[in-house]
Amino acid sequence: MRGGLTTLRRRCGAIAPALRALRERGLDVAAPRDGATRRFVVTGAGLAETPARYLASLLAIECGWRARFVPLSAFALGRAESAGDTLILFSQGLSPNARIALAQAPRFRDAVLFTSLEAAADPTLAQPGLTVQVLPPEGEGGMLVRVLGPCIASYAAALWCADFLDREALARVPDAVEAAGERMAGALARIPTERLLARMAFVTTGDYGRYVHGLAWKWLEGLWGDGPPIWDVLQFAHGPLQSVYDRDILLLGLVGPDPADGALMERLDAVLVPDRHALVRLPATLPGPLAYFEHDAMVNTLLLRALEAAPRDLEA
C-alpha cells in the first residue's frame, strides 16, 4: 500500500467528531445583522475554495444577500475590492495566494478570515477591521488532498448562516455524516472498481450544483486526474449525453430527500445506454445545501476505494 492512504482514512474518520465538537463549541464570529444591505466578496484557494463557494451560495440563495465568489486572481489583478463591502477569506493555513487577498482587506469596510491559524501566530492577522475565526484542524499537511479542513470550514459557513437554515437539520449534520459513510457499503456493491478509475461525472438538481464544487476538486487532488464535471440533470441532454453516448461513464446522482429529485433521475436513467453508462444515486437525508455534508462523506468513501484499487504515494 502506497504512502498516505492510512493517514487519509484516519482523517476521514475524524470528520464527524470534529463537526460535532464545532457544533457544541459554536463560532466566535457572528454574521452581520445588516447583511441584507452589504455586498459580500468570498474567496479561497485550492480546497479552501470549497467552503468559500459554499458560503457564497448560502448567502446568495438561502439568505438572499448580495454575495459572490471571486477567484484569487482577481485580487492579484486588483479587481476585487470594487465588488463588495465585506471580504470573507477561507484559508486552512495562510497560503501565499491567500495572503494576496488578505493584503487587500483594508480596502474593504471589514473582513472575516476563517483559518486554522491563531491570530497570535501571524502579525498580519492583527490588522484593523479583520476578524479571525479559528477552526480545526491545526494541521492537515503531508499530502495535497485535504478532507478535514474543507468540510469543517463548510460547516462553519453553515453555522454562520444558521438563522436562514433548518436548525434541527443543521444540528444533525455530524450524525448524518457518520451514517452516510456507513450507508455507502450498498452503493459500493453496485459500482465496479474499474468504473471509479474511468470517466465519471456528478449529476445534480436545482441550485445544488453550486454547493458541490469541492467534491470534484477533492477527486482531482486525490487521484491526480481530471476532476469530474458537475452536470444538471436536465441539462444532460444538451451536450453531455452526446459527448459520452459511445463511451463508458459512471454518473453519480447527488440527490436529497425530496422525491422530485428521484423523479428527475429516473428521466435521466431512461436515456442512458446500460452497456456503457451507469447511474448510481447517492441519496442524502438532509435537506437543501446541508446534503452536501453527507455527499462529501460518501465521496470520501469512494475516493478511498479508488485509491485502494490504484495505489499512489499521496505523500510524494
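Modeller: Before you start asking, one cut-off: buried means under 20% relative accessible area, exposed means over 50%, and partly exposed is what falls in between. Also keep in mind that this is a predicted model.

Biologist: Okay, let's do charges. How many salt bridges does a search of the whole structure find?

Modeller: Side chains of opposite charge can pair when their charged atoms come close. Searching the whole structure for such salt bridges gives a total of 16.

Biologist: Arg 39 and Asp 85 make one of them. Is Asp 85 buried or exposed?

Modeller: The closest N and O atoms of this pair are 3.4 Å apart. Arg 39 sits in strand 1 (residues 39–44), while Asp 85 is in the loop between helix 4 (72–76) and strand 3 (86–91), 46 residues apart. Arg 39 has a relative accessible area of 29%, so it counts as partly exposed. For Asp 85 the value is 17%, which is under the 20% cut-off, so Asp 85 is buried.

Biologist: Which side chain meets Arg 9 in a salt bridge?

Modeller: The N to O distance in that salt bridge is 2.7 Å. Arg 9 lies in helix 1 (residues 5–13) and its partner in helix 12 (residues 291–309), so the pair ties together parts that are 299 residues apart in sequence. Both ends are partly exposed, Arg 9 at 32% and the partner at 43%. That partner is Glu 308.

Biologist: And Glu 168 with Arg 172: what separates them along helix 7?

Modeller: Their salt bridge has its closest N and O atoms 2.9 Å apart. Both count as partly exposed, with Glu 168 at 47% and Arg 172 at 31%. The two are four residues apart in helix 7 (residues 167–189), so what separates them is about one helical turn.

Biologist: Which residues are joined into one network by salt bridges that share partners?

Modeller: Here the salt bridges link up through common partners rather than standing as a lone pair. The network takes in Asp 34, Arg 38, Arg 109 and Asp 110.

Biologist: On to the open sheet of five strands. Which are its edge strands?

Modeller: The pairing is parallel and the order reads 2-1-3-4-5. Neighbouring strands are turned by 15° against each other on average, direction ignored. An edge strand pairs on one side only, and that picks out strand 2 (66–69) and strand 5 (130–134).

Biologist: Which residue in strand 2 stands opposite Val 41?

Modeller: Strand 1 and strand 2 pair in the parallel sense over four bridges. Opposite Val 41, strand 2 places Arg 68.

Biologist: Back to helix 1. How wide an arc do its buried residues cover?

Modeller: The buried set is Leu 5, Thr 7, Leu 8, Arg 11 and Cys 12. What covers them includes helix 2 (15–25), helix 6 (148–160) and helix 12. On the face turned away from that buried side are the exposed residues Thr 6, Arg 10 and Gly 13. The buried residues are on the same side of helix 1 because their arc around the axis is only 160°.

Biologist: How do helix 6 and helix 12 run, roughly parallel or roughly antiparallel?

Modeller: Their axes are 11 Å apart and they pack at an angle of about 170°. Cys 151, Ser 154, Tyr 155 and Ala 158 of helix 6 meet Tyr 292, Phe 293 and Asp 296 of helix 12. Angles over 145 degrees count that way, so the two helices are roughly antiparallel.

Biologist: What relative accessible area does Asp 296 have?

Modeller: Asp 296 is found in helix 12. Beyond its neighbours within four places in sequence, Asp 296 is in contact with Cys 151, Leu 215 and Lys 218. Asp 296 counts as buried because its relative accessible area is 2%.

Biologist: Last one: what distance separates the C-alpha atoms of Leu 250 and Ala 153?

Modeller: Leu 250 belongs to strand 8 (residues 249–255) and counts as buried at 1% relative accessibility. Its contacts beyond four places in sequence include Ile 191, Leu 196, Met 200 and Val 280. Leu 250 and Ala 153 are 97 residues apart along the chain, and their C-alpha atoms are separated by 29 Å.

Notes:
Residues numbered from 1 in each chain as written. Predicted model: local features only at pLDDT ≥ 70, side-chain atom pairs only at ≥ 80, totals over all residues. Heavy atoms only, no water. Salt bridge = Lys/Arg side-chain N within 4 Å of Asp/Glu carboxyl O. Buried < 20%, exposed > 50% of the residue type's maximum accessible area, 1.4 Å probe, protein only. Pairing = 2+ DSSP bridges. Axes fitted to C-alpha atoms, helices over the stretch in contact; angles between N-to-C directions. Contact = heavy atoms within 4.5 Å. Arc of directions from axis to C-beta. Parallel < 35°, antiparallel > 145°, perpendicular 65-115°, else oblique.
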